[in-house]
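Trainee: Could we take a close look at a single part of this model? I would like to start from one proline and work outwards.

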Amino acid sequence: GGDIVVTDQGFATGIPQVVQVDPGTGNRTLISGAGRGTGPALVMPNSVAVGPGGDILVTDIAPVTGNPRLLRINPATGNRSVLTGVGVGGGPAVNVAAVGVEGGIIYVTDVVGNQIMSVDPATGNRTLVSGPALGAGAPFVSPVSITSDRPGSIVVLDAEQPAGPGLGLGGLVRVDLATGNRSLISNNARPTGGQQFDTPIDVQYNACENAFYVLQTGFSPAAPDGRVLKVDAVSGVRSLFASYTGAENYALLLRPIVVTPPVP
């Protein structure tokens, strides 16, 4: 409905939760957590996406074992269930770090196995999309975020993609969904010049500009500054879109602005 969904790990309060935020007023409404919703308790909710059926998907860990899992949350009731994880769904071992939904398909990143998997929304079964055992090209080192700019491929932000001696880490890697092959869109060596990645954390695609926006976390209150880099989807050229101090941001949201066309 245009509202923003935020995961809150509750480090200060001890109350992990998933919250809905009205972008116009800033008012916050509890979607799921202590006091709302049944099912497995939230422990450390992190990445969030809206599933193909309208449910909210949240990466989390299991209590006691700490095993990664992907939760499905009913936005109307707040009820939680494990969509995929240890003992739920078959396929490659699950080390879910981030979730993204592109073209109606659920994708998760695995920063332990350095691979990308799709998840069946009905069974929780996991299917390898790209990684050491599938596809050629630049290997993943730390795939942390997923987006897409066209059918037939997804674009993965790799926080620790190496570019060479003396260069910072980070890169955008395109994955061919038919083969799993990986091709580099941009890192600190290709193309040369421009802004440099520095272990980026999140990526979003802007179709109007055919460009990716990449978030680099700032550390409050000391340097380095947080930055948002704009990366041309064709050339891979990196430019500075924004910089800021005094914040540690870990997620980026592009919200379309509705424009009413002029009356003829």
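Trainee: Where does P191 lie? Please go on from there to what surrounds that part.

Mentor: Happy to. This is a predicted model, so local features need pLDDT of at least 70 and side-chain atom pairs count only at pLDDT 80 or more, while totals for chains, interfaces and linings use all residues. Residues are numbered from 1 along each chain as its sequence is written, and side-chain values use heavy atoms, with hydrogens and water left out.

P191 lies in the loop between β15 and β16. Strands here are DSSP runs of E with at least two residues, helices are runs of H or I with at least four, and both are numbered from the N terminus. The peptide bond that leads from R190 into P191 is cis, with omega near -10°. T199 is found in that loop too, and its phi is near 55°, a positive value in a residue other than glycine. Both features deserve your attention because most residues other than glycine have a negative phi, and most peptide bonds are trans. T199 has a relative accessible area of 37%, so it is partly exposed; the scale calls a residue buried under 20%, exposed over 50% and partly exposed in between, using a 1.4 Å probe and protein chains only.

Now step back to the strand before the loop. N187 sits in β15, residues 182-187, and is buried because its relative accessible area is 5%. Setting aside neighbours within four places in sequence, N187 is in contact with P162, A163, G170, G171, F197 and R238, where contact means heavy atoms within 4.5 Å. Two of those partners meet each other: R238 lies over the face of F197, 5.8 Å from the ring centre. For that label, NZ of Lys or CZ of Arg must be within 6 Å of the ring centre and within 35 degrees of the ring normal. Another arginine to look at is R182, which lies over the face of F140, at 5.8 Å from the ring centre.

On the other side of the loop, β16 takes us into the largest nonpolar core, which has 14 residues. A core of this kind is a set of buried Ala, Val, Leu, Ile, Met, Phe, Trp, Tyr and Cys residues joined through side-chain atoms within 4.5 Å. L157, L172, V203, F212, V214 and V231 have the most contacts inside that core. At least two of its residues come from each of β13 (153-158), β16 (202-206), β17 (211-216) and β18 (226-232). A second, separate core has 11 residues, including A49, L70, V96 and V119.

F212 is a good residue to follow next. Beyond four places in sequence, its contacts include L172, V203, Y205 and V231. Two aromatic pairs turn up in a search of the whole structure; rings of Phe, Tyr and Trp (its six-membered ring) pair if their centres lie within 6.5 Å, and planes under 30 degrees apart count as stacked, over 60 as edge-to-face and the rest as tilted. The pair of Y205 and F212 is tilted, because the planes stand at 50° with the ring centres 5.3 Å apart. Both Y205 and F212 are buried. The pair of Y213 and F241 is edge-to-face, with 4.9 Å from centre to centre and 85° between the planes. Since Y213 lies in β17 and F241 in β19 (residues 238-244), this pair ties together parts that are 28 residues apart in sequence. Y213 is buried at 5% relative accessible area, whereas F241 counts as exposed at 52%.

The next loop along, between β16 and β17, holds N210. N210 has a positive phi of about 50° although it is not a glycine, and at 29% relative accessibility it counts as partly exposed.

Finally, β16 also brings us to the largest pocket, since Q204 is among the residues nearest the pocket's centre, with V5, V48, A251 and L252. The lining of this pocket has 47 residues. Elements that give two or more residues to that lining include β1 (4-8), β12 (143-147) and β16. The largest share, six residues, comes from β8.

Methods
On a 1 Å grid over the protein atoms alone, a cavity is a set of points where a 1.4 Å probe fits but cannot get out, and a pocket is an open set with protein on both sides within 12 Å along at least five of seven lines; lining residues have an atom within 4 Å of a point.
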